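Colleague: I would like a close look at a single part of this model, followed by an account of how that part connects to what lies around it. Please take the time to go through it carefully.

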Amino acid sequence: MSAVTTKLPAFKKIQYAFTAHLRDPEHHSAPKDIEDRRMNIYRGLLYRNVQNFISSAFPVLRRLYAEDDWHRMIRDFFANHRSASPYFRDISREFLNYLQNERTPRPEDPVFIHELAHYEWLEIHLTNSDLEPDVKNVDPDGDLIRNIPVISPLTELCGYNFPVHKISPDFQPVQASEQPVYLMIYRNQKDKVGFMELNRFTATLVEQIKINKLETGKQLLVRVAETLHHPNLEQVLKGGEDAMKQLRAKDIVLGTRME
C-alpha cells in the first residue's frame, strides 16, 4: 500500500483494497471479512463484462488469438491500465491506448496489431459520434467541379502499412505492403458505418477537400495534379469528378456549399 493510501479514511482503504483485488486478484488479497463466495461473483462479473465488450469491439483481433493468450492480454489490461474516462462506451478507446502505449509486445502479437485495432476502433468511434453533418447550406446535387465540395465530418481517412480490412485468421500478412493502404471509414446518412479503399489519387483529393474552405472542385483537382505531378490535367478533371460523385453516393461528400 502506498504512502498516500495509508493516509486515507478506513472506508476508502477498504474500497481501494476491494477494487485492487477485483482488478488483479493474483497479486492483491481481498479485504478481510468479505465472504469469498461474494468476492468471486464480483470478480467474474466485472471481468466478463470488460472482456465481452472488448471482444465485441475488436472481433477480428479476438479471432487471431488463442484462448489463453487472449485472456492473458485482457487480464493485463484490466489489472494495469488506468482509464481516463469513466464511461463504459470508452473501454474500446482505452484498450486501444493500452495496445499502442503500454503493452509490451509478446510473441503471439501480430505485427499489425496496432493498425488492425485502430481500424476496428474507428467503426465504434464513428458509430458513437455525436457529430451531425450541417447540411443547411449544402446543395446535395451541386456541381462538384464548379462549386465548393463539402465533406461529411463523419469520415476518417487513414493510411495503413497493412491491408487491415482484409485481415482474418486465414490472412495474416507478416510484412507491410509495398504501398500505403488508404481507407476511408465513414458513417452515412442512415447511420451505417462502412469503408472504402482509395487509391493515392482519391486519397489526396479527399485530403484537399477536408481542409478546403474556398476552392472549387476544379481548383482542388488542379492542386492534386500538381501535387502528384500528373501530366494530363483533363484526365485528372474527368477522373476527379467521377471520384467525387462516388464519394457523394456514399455520403462522404455531402454536396457543394451554397452561397
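Which residues in helix 8 meet which residues in helix 9?

Modeller: Since this is a predicted model, everything that follows is computed from predicted coordinates. On the side of helix 8, the residues in question are Phe201, Thr204, Leu205, Gln208 and Ile209, and they meet Leu220, Leu221, Arg223, Val224 and Thr227 in helix 9. Sorted by class, the residues of this contact comprise six nonpolar, three polar and one charged. As for the geometry, the axes of helix 8 and helix 9 come within 10 Å and cross at roughly 130 degrees. Because angles from 65 to 115 degrees count as roughly perpendicular and only those over 145 as roughly antiparallel, that crossing makes helix 8 oblique to helix 9. In handedness, the crossing in which helix 8 passes helix 9 is right-handed.

One residue of the contact deserves a separate word. Thr204 is found in helix 8, and at 9% relative accessibility it counts as buried, the cut-off for that class being under 20%. If residues up to four places away in sequence are not counted, Thr204 touches Val224, Thr227 and Leu228. Val224 and Thr227 also appear among the residues of helix 9 that meet helix 8.

Following the chain onward, helix 9 (residues 217-227) has a contact with helix 10 (residues 233-249) as well, and here the axes come within 9 Å and cross at roughly 120 degrees. That angle makes helix 9 oblique to helix 10, and this crossing, too, is right-handed. Helix 9 contributes Gly217, Lys218, Leu221, Val222 and Ala225 to the contact, while helix 10 contributes Leu233, Val236, Leu237, Gly240, Glu241 and Met244. By class, the contact of helix 9 with helix 10 has seven nonpolar, two polar and two charged residues. Leu221 is listed in the contact with helix 10 and is also listed in the contact with helix 8.

Turning from helix 9 to the sheet, one finds three strands that form an open sheet in the order 3-4-5, with antiparallel pairing. Strand 3 (155-160) and strand 5 (193-198) stand at the edges with a single partner strand each, so one side of each is left without a neighbour in the sheet. From one strand to the next, the twist averages 20 degrees. Strand 3 is joined by six bridges to strand 4 (residues 181-187), and the two run antiparallel; within this pairing, Leu157 stands opposite Met184 in strand 4. Helix 8 (residues 200-211) packs on this sheet, where it touches strand 3, strand 4 and strand 5, and its direction makes about 135 degrees with that of strand 3. Helix 7 (residues 113-128) likewise lies across strand 3, strand 4 and strand 5, running at about 175 degrees to strand 3. Helix 8 therefore has contacts with the sheet and with helix 9, where contact is taken as heavy atoms within 4.5 Å.

There is a second open sheet, formed by three strands in the order 1-6-2, again with antiparallel pairing. Its edge strands are strand 1 (138-139) and strand 2 (149-151), each of which pairs on one side only. Two bridges join strand 1 to strand 6 (residues 253-257), and Val138 stands opposite Arg257 in strand 6. Strand 2 and strand 6 pair over three bridges in the antiparallel sense, with Thr256 in strand 6 as the bridge partner of Pro149. Four of the five residues of strand 6 are buried, so this strand is largely enclosed by the rest of the structure.

To set these parts within the chain, the protein chain has ten helices and six strands, and buried residues make up 42% of its 259 residues. Among contacts in the protein chain with a separation of 6 or more, 63% are accounted for by residues 24 or more positions apart. A residue elsewhere in the chain may serve for comparison with Thr204: Asn80 has its place in helix 5 (residues 67-80) and is partly exposed, with a relative accessible area of 47%, whereas Thr204 is buried at 9%. The C-alpha atoms of Asn80 and Glu102, which are 22 residues apart along the chain, are separated by 9.1 Å.

Key: Residues are numbered from 1 along each chain as its sequence is written. This is a predicted model: local features need pLDDT of at least 70, side-chain atom pairs count only at pLDDT 80 or more; totals for chains, interfaces and linings use all residues. Side-chain values use heavy atoms; hydrogens and water are left out. Two strands pair if DSSP finds at least two bridges between them. Axes are lines fitted to C-alpha atoms, for helices over the stretch in contact, and angles run from 0 to 180 degrees between N-to-C directions. Angles under 35 degrees count as roughly parallel, over 145 as roughly antiparallel, 65 to 115 as roughly perpendicular and the rest as oblique. A crossing is left-handed if the near helix is turned anticlockwise from the far one by less than a right angle, and right-handed if clockwise. Ala, Val, Leu, Ile, Met, Phe, Trp, Tyr, Cys and Pro count as nonpolar, Asp, Glu, Lys and Arg as charged, and the others, Gly among them, as polar. Buried means under 20% relative accessible area, exposed over 50%, partly exposed in between (1.4 Å probe, protein chains only).
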